[in-house]
Amino acid sequence: MPELTIQIGGRGFDVSCQEGEEVFLQSAAKMLDDEAQVLSDQIGRMPESRMLLMAGLMLADKVAGTDDKIKSLEAKLTAVEAELQSLRNMPQPEPERIEVAVVPPSVTDTLAELAARAEALASVIEESSAT
């Protein structure tokens, strides 16, 4: 079982942990040391047991706040998932029918006649400008 010396509030503590959990222990010790440092900066020197108690309570307060946020977010996630599922279960809307206007043959004939006249005029203009 590995033994580590962790620093909390400027004081060293020898602790043991399970094999492979050294990184987690050091991370937890750093969190506790950060809280102890805040206390030390605000209050100054205090007995070791009181410093550890206060730092632990400050961490517990943060964890409680995080738990509340997690519960709130889980509730929102559940509501969004339910809404998404209801949207997925909705029947598909009927396809929208779009009517396309049909161009009457008289309009098509008139346009063809206008195009022919325009081409004829263009030819006349080309012939007169070529000479």
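## Salt bridges within and between helices

K30 and D34 are joined by a salt bridge in which the closest N and O atoms are 3.2 Å apart. The model that shows this pair is a predicted one. K30 and D34 are four residues apart in helix α1, and therefore about one helical turn separates them. An α-helix has 3.6 residues a turn, so residues three or four places apart point the same way. D34 has a relative accessibility of 35% and so counts as partly exposed, while K30 is among the exposed residues on the face of α1 turned away from its buried side.

The count of salt bridges comes to three. Another of them is formed by the side chains of E35 and K62, with 2.5 Å from N to O. This pair links distant parts of the chain, since E35 belongs to helix α1 and K62 to helix α2 (residues 48–89), 27 residues apart. E35 has a relative accessible area of 6% and is therefore buried. K62, at 48% relative accessibility, counts as partly exposed, because the exposed class begins only over 50%.

A salt bridge is also found between R117 and E113, whose closest N and O atoms are 2.9 Å apart. Both residues lie in helix α3, four residues apart, or about one turn of the helix. E113 is partly exposed, with a relative accessible area of 44%. In general terms, side chains of opposite charge can pair when their charged atoms come close.

## Helix α1 and its two faces

Helix α1 covers residues 22–43, and at 1.5 Å a residue its 22 residues should span 32 Å; the C-alpha atoms at its ends are 31 Å apart, which agrees. The buried residues of α1 are E22, A29, L32, E35, A36 and L39. Seen down the axis of α1, these buried residues fall within an arc of 155 degrees, so they line one face of the helix.

The face of α1 turned away from the buried side carries V23, K30, D41 and Q42, which are exposed. The salt bridges of α1 involve residues of differing accessibility: E35, which pairs with K62, is buried at 6% relative accessible area, whereas D34, which pairs with K30, is partly exposed at 35%.

## The β1–β2 hairpin

Strand β1 (residues 3–8) has alternating side chains: L4, I6 and I8 point to one face and are buried, while E3, T5 and Q7 point to the other face and are not buried. Such alternation between the two faces of the sheet is what a regular strand shows in general.

Strand β2 (residues 11–16) runs antiparallel to β1, and six bridges join the two. Within this pairing, V15 of β2 is the bridge partner of L4, and F13 of β2 is the bridge partner of I6. The two strands form a hairpin with two residues between them, and G9 in the turn has a positive phi of about 60 degrees.

## Contacts in space across the chain

I6 of the hairpin can be placed relative to helix α1 through A29. The C-alpha atoms of A29 and I6 are 6.4 Å apart in space, although the two residues are 23 residues apart in sequence. A29 lies in helix α1 and, at 8% relative accessibility, counts as buried; I6 is likewise buried, on one face of β1.

Two further pairs give C-alpha separations. P47, in the loop between α1 and α2, is exposed with a relative accessible area of 52%. P47 and G12 are 35 residues apart in sequence and 14 Å apart in space. A64 is located in helix α2 and counts as partly exposed at 36% relative accessibility. Between A64 and K30 the distance is 19 Å in space, with 34 residues separating them in sequence.

## A nonpolar surface patch

V103, V107, L111 and L114 form a nonpolar patch on the surface, and their accessible area together is about 350 Å². L111 lies in helix α3 (residues 105–130) and counts as exposed at 52% relative accessibility. Helix α3 also contains the salt-bridged residues R117 and E113.

How values were computed: Residues numbered from 1 in each chain as written. Predicted model: local features only at pLDDT ≥ 70, side-chain atom pairs only at ≥ 80, totals over all residues. Heavy atoms only, no water. Patch = residues over 30% accessible without salt bridge, like charges linked within 9 Å, V, L, I, M, F, W, Y side chains within 5 Å. Areas by Shrake-Rupley, 256 points an atom, 1.4 Å probe, with all protein chains shown as cover. Salt bridge = Lys/Arg side-chain N within 4 Å of Asp/Glu carboxyl O. Buried < 20%, exposed > 50% of the residue type's maximum accessible area, 1.4 Å probe, protein only. Pairing = 2+ DSSP bridges. Expected span 1.5 Å × (residues − 1). Arc of directions from axis to C-beta.
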